[in-house]
Amino acid sequence: MNDFNQQVIDEFRANEGRVGGMFGKAHLLLLTTTGAKSGKQATTPLMYVPDGDRQIVIASSGGADKHPAWYHNLRATPNATVEVGTDTFEAGAVALEGEERDQLYARMVAQAPQFAEYEAKTTRRIPVIALVRAGS
């Protein structure tokens with residue numbers, strides 16, 4: 001994990017899920033996945049779109065041509081721990097497709113316009129993932 005992500009994680013946990021700076025007005029969650037190769041737990045701060053009882057995350061990797069590690073981890077083990085504010089829960093990950101995927105990606109762009117730039121920077125289809133609370 002890089003120092004920037006660790007600082008965001010520390011600030012999130014110290015301030016009941018609130019983070020300043022570039023994430024000050026964003027919906028932010030912490031996603032803890034199990035490493036696809038290592039089997040170790042890894043936590044990643046991610047912007048999300050609330051969608052009813054689901055949290056929608058985008059595997060944009062800033063527009064890179066490769067999917068982020070957390071996405072590969074979820075493909076291998078589609079269960080994760082999610083932290084939203086002071087709430088921590090287990091969730092299943094569901095890859096969204098078609099019109100639903102496109103509508104939710106557009107909602108993220110409306111919330112955070114840089115996601116339009118990420119999509120323009122890459123030829124890959126950026127995955128959109130619904131995190132669904134276990135037992136929902």
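**Figure 1. Leu30 and its partner across the gap between β1 and β5.** In this predicted model, Leu30 has Glu83 of β5 as its bridge partner. The two strands, β1 and β5, run antiparallel and are joined by three bridges. β1 doesn't see much of the outside: six of its seven residues are buried.

**Figure 2. The β1-β2 hairpin.** On its other pairing, β1 meets β2 in the antiparallel sense, over seven bridges. Look for Thr34, whose bridge partner in β2 is Gln41. Six residues sit between the two strands of this hairpin, and among the hairpin's residues is Gly39, with a positive phi near 75°.

**Figure 3. The whole sheet, strand by strand.** How many strands form the open sheet, and in what order? There are seven, and reading across you pass β2, β1, β5, β6, β7, β4 and then β3, with antiparallel pairing. The edges belong to β2 (41-47) and β3 (49-51); each has a single partner strand, so one side of each has no neighbour in the sheet. Don't expect the strands to line up perfectly: on average, neighbours are turned by 35° against each other, ignoring direction.

**Figure 4. The β3 edge.** Here β3 pairs with β4 (residues 54-58), running antiparallel and joined by three bridges. To find your way around, pick out Pro50, which stands opposite Gln55 in β4.

**Figure 5. Helix α1 resting on the sheet.** Which strands does helix α1 touch? Made of residues 3-14, α1 packs on the sheet and touches β1 (28-34), β2 and β5 (79-84). Compare the directions of α1 and β1 and you get an angle of about 115°. Follow the chain past the helix and you come to Glu16, in the loop between α1 and β1. Glu16 isn't a glycine, yet its phi is positive, at about 55°.

**Figure 6. A look into the largest pocket.** Rolling a probe the size of a water molecule over the atoms shows where empty space is left. In this model, the largest pocket holds about 750 Å³ of space. Its lining is made up of 30 residues, and the ones nearest the centre are Asn5, Thr44, Pro45, Leu46 and Trp70.

**Figure 7. Who builds the pocket wall?** Several elements chip in: α1, β2, α2 (69-76) and α4 (114-121) each give at least two residues to the lining of the largest pocket. Which element gives the largest share? That's β2, with six residues. Recall that β2 is also one of the edge strands of the sheet. Sort the lining residues by type and you get 18 nonpolar, eleven polar and one charged.

**Figure 8. Two serines in the loop between β4 and α2.** Ser60 is found in this loop, and Ser61 has its place there too. Is Ser60 buried or exposed? Its relative accessible area is 6%, so Ser60 counts as buried, the cut-off being under 20%. Leaving aside neighbours within four places in sequence, the contacts of Ser60 are Phe115, Tyr118, Arg124 and Ile126. What about Ser61? With 34% relative accessibility, Ser61 is partly exposed, because that value falls between the 20% and 50% limits. Ser61 also has a positive phi, near 50°, in a residue other than glycine.

Notes: Residues are numbered from 1 along each chain as its sequence is written. This is a predicted model: local features need pLDDT of at least 70, side-chain atom pairs count only at pLDDT 80 or more; totals for chains, interfaces and linings use all residues. Side-chain values use heavy atoms; hydrogens and water are left out. Two strands pair if DSSP finds at least two bridges between them. Helices (H or I, at least four residues) and strands (E, at least two) are DSSP runs, numbered from the N terminus. Axes are lines fitted to C-alpha atoms, for helices over the stretch in contact, and angles run from 0 to 180 degrees between N-to-C directions. Contact means heavy atoms within 4.5 Å. On a 1 Å grid over the protein atoms alone, a cavity is a set of points where a 1.4 Å probe fits but cannot get out, and a pocket is an open set with protein on both sides within 12 Å along at least five of seven lines; lining residues have an atom within 4 Å of a point. Grid points are joined across faces, edges and corners, and a volume is the space filled by probe spheres set on the points. Ala, Val, Leu, Ile, Met, Phe, Trp, Tyr, Cys and Pro count as nonpolar, Asp, Glu, Lys and Arg as charged, and the others, Gly among them, as polar. Buried means under 20% relative accessible area, exposed over 50%, partly exposed in between (1.4 Å probe, protein chains only).
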